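Welcome! Here is a short guided look at some strands and helices, meant for someone meeting this structure for the first time.

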Amino acid sequence: MKKFVYLFNEGNSEMRNLLGGKGANLAEMTKIGLPVPFGFTISTEACNAYYENNQSISSEIQNQVLQALSELEAGTGKKLGNPANPLLVSVRSGAVFSMPGMMDTILNLGMNDETVEGMATLTNNPRFAYDSYRRFIQMFSDVVLDVDTFFFERLLEETREKKGYSSDPELTAEDWKEVIVGYKQIVKKHTRKSFPQDPKEQLFLSINAVFDSWNNQRAIVYRRLNKIPGHLGTAVNIQSMVFGNMGNDCGTGVAFTRDPSTGENRLYGEYLINAQGEDVVAGIRTPQPIHTLKQEMPEVYQQFSDTCKVLEQHYRDMQDIEFTVERGQLFILQTRNGKRTAQAAIRVAVEMVKEEIINKDEALLRVDPDQLNQLLHRRIDDKFERPQLAKGLPASPGAATGSVVFDADEAEILAKDGKKVILVRPETTPDDIHGIVASQAVITSRGGMTSHAAVVARGMGKACICGCEAIKIDLAAKEFYVGESVVKEGDIITIDGGTGEVMLGEIPMIEPELSNEFQQLLVWADEVRQLGVRTNADNPEDSQKAREFGAEGIGLCRTEHMFMDPTRVPLVQEMILAENYDERQIALSKLLPLQQGDFEGILEAMQGFPVTIRLLDPPLHEFLPDKEELIVECTKLQITNPNSEELKAKELLLKKVRQLDEFNPMLGHRGCRLGMIYPEIYEMQAKAIFYAVATLADKGVEAKPEIMIPLVGHVNELKQMRQLVIDAANLVKEETGREFVYTVGTMVEVPRAALTADQIAEEADFFSFGTNDLTQTTFGYSRDDAEGKFLQAYIENKVLPDNPFAVLDREGVGKLVETGVRLGRQTKPELKTGICGEHGGEKSSIEFCYQTGLDYVSCSPYRVPIARLAAAQATIRFSEKDVETLVVK
C-alpha cells in the first residue's frame, strides 16, 4: 500500500519533495529535539492524487489520515471532538518551495458548541475558549465555506463600537458568545447551512480546501512569477494547537535569525502577548519588537535566542521562524530559509563564510544573480506609496523620475539645461539615440523587452518600460492618455523599470550602493569561474563603467550607434545619398576620422583587453528620416512653397528612402551584405580601427581589436570581407610603419551559419553568437511583434516555458549554438567562441554557455556583476568533465 501520510517523527529534511518545505522542516526539528507541537503531514503525492480523483480524497488516503489522527490523539492524550479533553489542530499548506501567503490555513479546528465549553472548563479561561471558537468560525468560513471575512469583521467592529471597546482583548467571554451567535447567522445566511459541528467533517473539508488552494489564482500567479512548476502539488500539515491567547504568560510571533533587510547578525522580528498568529499580521494590534521579549519573558527569550542559533547552525542559513508561547512554554511552529533583500543576501553569505558556517562555494550559490539588479540601479523607496498609472514590460531595471517629453531633440535640449526628463515614444529608432542618452528613462507604447529602446537603455543602465499599450500617445498634442487620465509634456512621472510600473508624480528613490561584502563576493566569483565576462559597449563611458564592474573586454561594440550623433547624421546621409563610388568616398573620408576617434576612446578605455568591433549592421534606411513623415513634409511644401530648394532636397531624400525601403528589413540588405555591395563602407571602418590602434601605440597604449563581420550566412561572404580587412590593415601598416595584432571573426546569427560552421571556421578566428537575431531567425519571430502581441499569452498558457528573447531556448536555438561550437572546433580546435546577445547577462543562459564550452559571455555594463556571479555558479554546479563530454557529443 502506498504511503501518503507521515507523522512528524517519520520524516526529515531530505523528504522535501514529498512532505513540502514546511512538513520536512517540522519533521527535521522534531528529529533534533526542538519543542515542536506534534502532528502529521499529508504528502504532495496525495494532493496530486486528489486532482487525479476529480478533486476528491480517496478512501485509502482518508483511512491513513484517520490512522495518523489516532496516533496524534494517543501522543497528546487528547481526542478530536471530546468535550472533556478536546484536541484542536491547525491545518496548513506546505509547498515544496516556499509560497508565503499564497495558500490557505485553518487554526483551532475541532472547536464546536461542546468542545468550546470543555476548553473553558479545562483552562479555567472562558474568554480564551470563546475567542478561539469565533476565530475558528471566521477562518473556516472564509477558507472552506467561501464566506468573505468582511462580513465577520464588520460584525466584530460593530460589537466593539457598541460596547465602547478599542481592541479585541477587551471583549469578555459573554461578548464573544454574542459574536459567535452572529457569526453562525452569517454562515447560515450565505451558505444556507448551519456551521458544521462534526470535527472530522471539519478536518476533511479543510484538507480539501488546502488542496484546492494549490490552484487558486494568487498561487498560480506566484508560481508563474517565481517559475515554480505546477505539477508539484502541496502537502497538508495537521498539527496539534498550542495557544498564545490564554493570558499574559502567552504570546505569538515571527522572527528572523538575521535582519532580512540589511543582513545584520541580530534577531529581527515581532510578537504579541496574549494573541494568536493571525493577530501579528492582521494589523488590529501593534506588535512589539522581538528584543522587548527579553524584559517581558527573559527565560523564554533566552530559550528562543538559543533555539535560533541551533536552527541557523543546523540549516546553515538565515531562518524565518514562527513561535508561540503557551503559559510560559516555548513552541516552534515553523522554520524556513528566510526571504531577504539582495543587500542582506550578500552580507549573510559573506559573513557566514567568515563565521565558518558555510564555505565560499556555498556563499556564491546563496545569492540569486537576478537579485543584484536591486543593487546596481536606483530603486523606489518602499516606504512610499506607488500610485500606478499604467504598466508595461519591465525592459531595463532601475527607477527614475522626470518631466515627460515626446521628442528626442527636445529631451536633449532640456537635459542640457539641467532638467531631468523621461522620453515617451510609440517606439524608438536609432535616430532617437541622443534623446535616450539625455533622458533619465524611456517608455514606449510598442515593442518588447529586446526592442531597440530596451537594448540601448540596458546598455546605458537606464530604466526602460516597453510595450506599455495602456498609454495612448498623441505626438501632435504632446500628451498621452491612460483611460480618463491625461499626462502632458512637462508633467512629472516616476517609472520602475524592474516592475514595468508608470506612476504619477515624484516618488523618493534609494541610490545604489556596492558594499564591501558585494565586492568580496565578486572576488570569490572570479576565483572560481572559468567563463570569461565581457561587455557590450559603444562608447568610452560605457566601456569605463563596465571595467569598474569587472568586464574583461568588449564582446560587442556596435559601430552604427556612433553614426547616430545628430552632428554626424548629415554625413551619414551624404554617404547614403551618394550616386556613385567617388561621391560616396568623399562622404566616407569625412566619417573616417570621426570613427577613428571613437575607436581610440573605446580601445584606450579597455587598456589592453580585447575589443570586438562589429562592422556596420543595420540597413541603410535606418539612418534616413521616416518615410511617412517625409511624405507629409513634401506635401506641405508642394502647397506652400513649390519652387523651394528645401522641397527639392526632401524629394531627393524621399526618392532614396523609397529605393532603400524593404518588405522585411531584418532579412534584407544589412550586415555583411552591405559590405559585399558597398565594400568601401567596411574598408573605411577597418582603416579607422587600424589608424586608432596605431595612434594608441604611439602613446604607449596596447590595443587588441577583434573585427567582427555581421550576419554571415555563407563562407564566401566571410572570405571576401576577411580579405578586405587584411588589405586595410596592410595599407595602414604601410602608411604608419606599425605592425598590428588583430583577429577577424563573425557573428553567428542565422541558422545556416551554425549549420555550416565547419566551413565558416576556415575563415574565422572567432565566433560570437548573436542570440537576439539567432532566436528571431530560428523561431521565425519578429521579436517586437511577438512580445507585443502573443508571446506573453504563450508563456501564460505554457506553450513556451520562458520568453526565448530573455532566456535562451536550449532545445532549438541552443542546439544551433552547440552545433556551431562543435563544427567550428572540428575545423579549428582553438576557435574562440562567445555570446553577445541579451542572453549573455541572464543566469540560465550563462549556465548553458558554460556547459556548451564557450569561452566568454558578453552583456550590458550593468549586468557584468550578474554574469560574473552566474558564471561562478555554473562552474560550481558543473564539472569540467561534464562540459568536455557535452562539447564532444
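## Strand 15 and its neighbours

Strand 14 (residues 399-405) pairs with strand 15 in the parallel sense, and three bridges hold the match. Keep in mind as you look around that this is a predicted model. Within this pairing, Ser-403 stands opposite Val-421 in strand 15. If you follow the unit made by strand 14, helix 16 (residues 408-416) and strand 15, you will find a right-handed β-α-β arrangement.

Strand 15 also has a partnership with strand 16 (residues 441-444): the two run parallel and are joined by four bridges. Here Ile-422 has Ala-441 in strand 16 as its bridge partner.

Are the faces of strand 15 covered or open? Both are covered: Val-421, Leu-423 and Arg-425 are buried on one side, and Ile-422 and Val-424 are buried on the other. Five of the five residues of strand 15 (residues 421-425) are buried, so this strand is largely enclosed by the rest of the structure.

## A three-stranded sheet

Next, look at strands 18, 19 and 20. They form an open sheet of three strands in the order 18-19-20, and the pairing is antiparallel. Strand 18 (472-474) and strand 20 (485-488) are the edge strands, each pairing on one side only. From one strand to the next, the twist averages 20 degrees.

Strand 19 (residues 479-482) and strand 20 run antiparallel and are joined by four bridges. One facing pair to look for is Phe-480, which stands opposite Val-487 in strand 20.

## Two helix pairs

The table sets out two pairs of packed helices.

| Helix pair | Angle | Axis separation |
|---|---|---|
| Helix 23 (residues 627-640) and helix 24 (residues 645-660) | about 150 degrees | 10 Å |
| Helix 3 (residues 59-76) and helix 8 (residues 199-213) | about 125 degrees | 12 Å |

How are helix 23 and helix 24 packed? They pack at an angle of about 150 degrees, with their axes 10 Å apart. That makes helix 23 roughly antiparallel to helix 24. Helix 23 passes helix 24 in a left-handed crossing. On helix 23, the residues in contact are Lys-627, Leu-630, Ile-631, Glu-633, Cys-634, Leu-637 and Gln-638, while helix 24 contributes Glu-646, Leu-647, Lys-650, Glu-651, Leu-653, Leu-654, Val-657 and Arg-658.

Now turn to helix 3 and helix 8, which pack at an angle of about 125 degrees with axes 12 Å apart. These helices are therefore oblique to each other. The crossing of helix 3 and helix 8 is right-handed. Gln-62, Val-65, Leu-66 and Leu-69 of helix 3 make this contact with Lys-200, Leu-203, Phe-204 and Ile-207 of helix 8.

## A closer look at Leu-330

To finish, pick out a single residue. Leu-330 sits in strand 10 (residues 329-337). Is Leu-330 buried or exposed? Leu-330 counts as buried because its relative accessibility is 1%.

Which residues does Leu-330 touch, not counting residues up to four places away in sequence? They are Pro-35, Gln-303, Phe-304, Thr-307, Phe-323, Thr-324 and Val-325. You can also find Tyr-301, which lies 29 residues from Leu-330 along the chain; the C-alpha atoms of these two residues are separated by 9.0 Å.

Key
Residues are numbered from 1 along each chain as its sequence is written. This is a predicted model: local features need pLDDT of at least 70, side-chain atom pairs count only at pLDDT 80 or more; totals for chains, interfaces and linings use all residues. Side-chain values use heavy atoms; hydrogens and water are left out. Two strands pair if DSSP finds at least two bridges between them. Axes are lines fitted to C-alpha atoms, for helices over the stretch in contact, and angles run from 0 to 180 degrees between N-to-C directions. Buried means under 20% relative accessible area, exposed over 50%, partly exposed in between (1.4 Å probe, protein chains only). A crossover is right-handed if, with the strands pointing away from the viewer, the path from the first strand over the helix to the second runs clockwise. Angles under 35 degrees count as roughly parallel, over 145 as roughly antiparallel, 65 to 115 as roughly perpendicular and the rest as oblique. A crossing is left-handed if the near helix is turned anticlockwise from the far one by less than a right angle, and right-handed if clockwise. Contact means heavy atoms within 4.5 Å.
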